[in-house]
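Please look over the sequence and the model before reading the notes that follow. They take up a pair of helices and then a hairpin.

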Amino acid sequence: MRKFDWLIFSLLICLLFYGVIAIYSASTNKIGIDFETQNYYIKQIIWIFVSLFFIYALIKTPYTFLEVLIVPAYIITIILLIVVIFMPEINGSHRWIPLGLMNFQPSELAKLITILLIAKLISQPYITGAKIVLRSIIVTIIPVGLIILEPDLGTALTILISTFAIIAVSDLPFIYLILIISPLIAVITSVSIFIFAAFIIILIYLLYRNNLSKVLIGFSFVLNLFFFFITPVIWNSLKSYQQNRILSFIDPMRDPFGAGYQIIQSKIAIGSGGFMGKGILLGTQKNMNFLPEHHTDFIFSVIGEEFGFFGCVILLLIYFLFLFRIAKRLEKLKRKEFKYATTGILAYLTFQIFVNIGMNIGIVPTTGIPLPFVSYGGSNLLINVMAVGFVLKFINERSIFK
C-alpha cells in the first residue's frame with residue numbers, strides 16, 4: 001500500500017456516500033405527514049461494502065495473476081452476453097440474468113473486460129498501427145454487437161468511446177483516428193447528400209496529403225459510402241421508442257406525455273429546486289411520482305430538486321476532483337498496458353457522467369445510462385468501483401516498472 005492513492009479513494013468514498021443519501025431521498029415518498037421508504041439504499045450500502053472488498057482483493061492480488069485471467073474473463077463475458085439475450089424481457093430489453101436475490105447485468109462487466117483486453121493486446125512491443133486498429137476493432141465489435149441486440153445503446157456507446165480513447169493515446173498516427181471516426185461523421189452527414197459530398201472530398205484530401213495508400217483511400221471511400229446509404233435503413237429498423245427518444249430530444253414537446261415526458265419532468269424538477277433546493281425528502285416532483293426512474297437514471301433530477309443548484313455544484317466538484325486526480329496520475333504511468341487501461345476507464349466514467357447529467361438537463365438523448373457511483377444498481381456500482389480499483393492498483397504498482 002506504499003503507493004496507494006488515498007485521495008482518489010477518499011473522493012470515491014465521498015461519491016458513494018453522496019449516492020446513498022440521494023438514493024435514500026429518492027426512494028422515500030412523503031404521504032401527508034408520513035414518510036414511506038423503500039429499501040434501495042440498504043441494498044446500495046451492501047453493494048458498496050462488497051465493492052470495497054473487491055478493491056482490497058485487487059490491490060492484494062499480483063497483477064501477473066490477474067493478467068492471465070483477462071482472456072478467459074473476456075470469453076466468459078461474451079458467453080454471458082449471448083445467454084442474456086434469451087433471458088426474460090424486463091422493461092422492453094434483455095439485459096439481466098436473474099441470480100436469486102439479485103439480477104446481474106453482463107454488459108456492465110463487458111465495459112471493464114473489453115478495456116483490459118484491448119490494453120493488453122495493443123501494448124505488446126513492436127506492434128504496427130494496422131494491428132492496433134485491427135485488434136481493437138475485433139475485441140470491441142463482438143460485445144458491442146451483442147449489447148445492441150439486448151438492446152442497450154448507451155452501454156454499447158460507452159464501450160466504443162473507451163476504445164477510441166485508448167487508440168487515441170496509443171502510438172497510432174493521428175490520421176488513423178480520422179479514419180476510425182469517419183463512419184460516424186458519415187452517419188451524421190447522411191441527412192444531406194451535399195453535406196456528405198463535402199465531407200468525403202475533405203476526407204480524401206486529408207488522406208491523400210498524409211500519403212496513405214490508394215487502396216486504403218479507396219476502402220475508406222467505399223466504407224463511408226456504405227454508412228451513408230445504410231443509415232436510413234438502420235433508422236427505419238429502430239424500435240419506435242428509440243426513434244421517439246431521439247426525436248423528443250430535438251423537440252420534447254412533440255410527445256409531452258410519451259417519449260418527452262421524462263425530459264420535461266426532469267427539467268421541471270431541477271428548475272424548481274432553485275439555489276438551495278426544497279430540502280431532503282421534500283421534492284414534490286418525486287413525491288408525487290411525476291419523475292420516473294428517480295432512484296436510477298434520473299437521480300440527478302432529485303438532487304437538483306431537493307439539494308438545489310448548490311447540491312449539484314458540490315457533486316460536480318467532487319466528480320471533477322476525482323477525474324482530474326486520475327488524469328494527473330495517468331501521466332506518470334510508465335507501463336503502456338496500465339496507461340491504456342486507465343485511459344479507457346477514465347473515458348468511460350467521464351462519458352457516463354456527462355451523458356447521464358446531460359439527459360437529466362435535456363442536452364443529450366435519453367439513453368438509460370446511470371450516474372456512476374450515485375445511481376442505484378448493483379452490477380453498475382460493482383463494476384465502476386472495480387474499475388477504480390484497477391486504477392488504484394496500476395498506480396500502486398507503477399514504481400515497479402519505472
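**Helix packing and a hairpin**

Helix H7 passes helix H9 in a right-handed crossing, a term used if the near helix is turned clockwise from the far one by less than a right angle, and left-handed if anticlockwise. This is a predicted model, in which local features need pLDDT of at least 70 and side-chain atom pairs pLDDT 80 or more, while totals for chains, interfaces and linings use all residues. Residues are numbered from 1 along each chain as its sequence is written, and side-chain values use heavy atoms, without hydrogens and water.

**H7 and H9**

- The axes of H7 (residues 174–189) and H9 (residues 214–237), both DSSP runs (H or I, at least four residues; strands are E, at least two) numbered from the N terminus, come within 7 Å and cross at roughly 25°.
- H7 and H9 are therefore roughly parallel to each other, as angles under 35 degrees count as such.
- Where they meet (heavy atoms within 4.5 Å), the residues of H7 include Tyr176, Leu179 and Pro183, and those of H9 include Leu216, Leu223 and Phe227.
- By class, this contact of H7 with H9 has eight nonpolar, four polar and no charged residues.

**The hairpin of S1 and S2**

- Strand S1 (residues 28–31) pairs with strand S2 (residues 34–37) in the antiparallel sense over four bridges, where pairing requires at least two bridges found by DSSP.
- Across the strands, Lys30 has Phe35 as its bridge partner, and Ile31 stands opposite Asp34.
- Two residues lie between the strands, and Gly32 takes a positive phi near 65° in this hairpin.

Technical notes. Axes fitted to C-alpha atoms, helices over the stretch in contact; angles between N-to-C directions. Parallel < 35°, antiparallel > 145°, perpendicular 65-115°, else oblique. Nonpolar A, V, L, I, M, F, W, Y, C, P; charged D, E, K, R; others polar.
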